[in-house]
Amino acid sequence: YILSPGEGRDAFVRYWRLMAEAVSSHPSAFAVESMNEPMSIRRRWMFDTWRDISNAVTEVVPGMSVALLDIGEGSFIPEWATKYIHVEDLDIASDTLKWIKSSNNLFYAWHWYGGDLSPRGAVEAMLAIQNDWNVPSFATEFMSCDIWNNASAANVSHSYWHYSAYCNTGPAFGNRKVPDDTFGACILGWAGGTNIKPC
């Protein structure tokens, strides 16, 4: 509904325009990652949606960085998937790909939690996209020091997924008085990004 052309996509794009308006004067708001791990095989629709969002956001905040997100924010499309998915769904529209390659504010956001590619292979796949599309990539979510080290060595932006552990709310902390004695929400797999593996 929100990725196909029409009312849903229009509402989604409007939402991001309103978000850009809300943060336009905030100095720490520098980028938009419009959807976490989009689960659609219709890459053509997805990338057309990211294009519409980027255009709407940069009308409000020129130069704001906007993420391109692939299926599940994976670092590549598994070869087996191409056997079961119509090629026209996987293909990005040629005019959208041309727009990507000529942009100066986009980045390719990706996650890595194992899978068919090794950490080094995932970073190499991202470097191939960077070179082919003329956009930087950013590993926005992972819990692997191997990804951290490989991305760092390749000068690829990266942020270790640990934000949800910065909290002390809920039964794990003795049900402290809210909001006076607590901070954070302890959501999204609390403490999944453990600090016992510092990179």
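This report walks through a predicted model of one protein chain, from its overall layout to a few local details.

## The overall layout

The chain carries six helices and five strands. Read from the N terminus, the elements go α-β-α-β-α-α-β-α-β-α-β. Of the 199 residues, 41% count as buried. As for the outside, about 11200 Å² is exposed, with carbon and sulfur atoms supplying 54% of that area.

Contacts here reach well along the sequence: among those with a separation of 6 or more, 70% are between residues 24 or more positions apart.

## Helix H5 and its cover

Helix H5 spans residues 119-133. With 15 residues, H5 reaches 21 Å from its first C-alpha to its last, close to the 21 Å expected at 1.5 Å a residue. Its buried residues are Pro119, Gly121, Ala122, Val123, Ala125, Met126, Ile129, Gln130 and Trp133.

What lies over those buried positions? The cover includes helices H2 (43-60), H4 (94-102) and H6 (145-153), along with strands S2 (65-69), S3 and S4 (137-142). Just past the end of H5, Asn134 takes a positive phi of about 60 degrees.

## Aromatic pairs, and one charge over a ring

Aromatic rings pair up in this model, and the count comes to five pairs. Take Tyr108 and Trp133: their ring centres are 5.7 Å apart and their planes sit at 70 degrees, so this pair is edge-to-face. The two partners come from distant parts of the chain, with Tyr108 in strand S3 (residues 106-112) and Trp133 in H5, 25 residues apart. Both Tyr108 and Trp133 are buried, and together with Phe47 they form one aromatic cluster.

Trp45 has a charged neighbour instead: Arg42 lies over the face of its ring, 4.6 Å from the ring centre.

## Strands S3 and S4

Tyr108 turns up again in the strand pairing, where it stands opposite Ser137 in S4. S3 and S4 run parallel and are joined by five bridges. S4 is mostly covered, with five of its six residues buried.

## Ser54 in helix H2

Is Ser54, a residue of helix H2, buried or exposed? Its relative accessibility is 1%, so Ser54 counts as buried. Leaving out residues up to four places away in sequence, Ser54 touches Val66, Trp99, Asn105 and Leu106.

## Backbone oddities

Most residues other than glycine have a negative phi, and most peptide bonds are trans. A few spots in this model are worth a look against that background.

Two glutamates have a positive phi. For Glu37 the value is near 50 degrees, and for Glu73 it is near 55 degrees. Glu37 lies in the loop between strand S1 (31-32) and H2, while Glu73 lies in the loop between S2 and helix H3 (87-90). How covered is each of them? Glu37 has a relative accessible area of 24%, so it is partly exposed. Glu73, at 0% relative accessibility, counts as buried.

The peptide bond between Val178 and Pro179 is cis, with omega at about 0 degrees. Pro179 sits in the segment after strand S5 (157-158).

Terms used
Residues are numbered from 1 along each chain as its sequence is written. This is a predicted model: local features need pLDDT of at least 70, side-chain atom pairs count only at pLDDT 80 or more; totals for chains, interfaces and linings use all residues. Side-chain values use heavy atoms; hydrogens and water are left out. Rings of Phe, Tyr and Trp (its six-membered ring) pair if their centres lie within 6.5 Å; planes under 30 degrees apart count as stacked, over 60 as edge-to-face and the rest as tilted. Helices (H or I, at least four residues) and strands (E, at least two) are DSSP runs, numbered from the N terminus. Buried means under 20% relative accessible area, exposed over 50%, partly exposed in between (1.4 Å probe, protein chains only). A charge sits over a ring if NZ of Lys or CZ of Arg is within 6 Å of the ring centre and within 35 degrees of the ring normal. The expected span of a helix is 1.5 Å times one less than its number of residues. Contact means heavy atoms within 4.5 Å. Accessible areas come from the Shrake-Rupley method with a 1.4 Å probe; for residues, only the protein chains shown count as cover. Two strands pair if DSSP finds at least two bridges between them.
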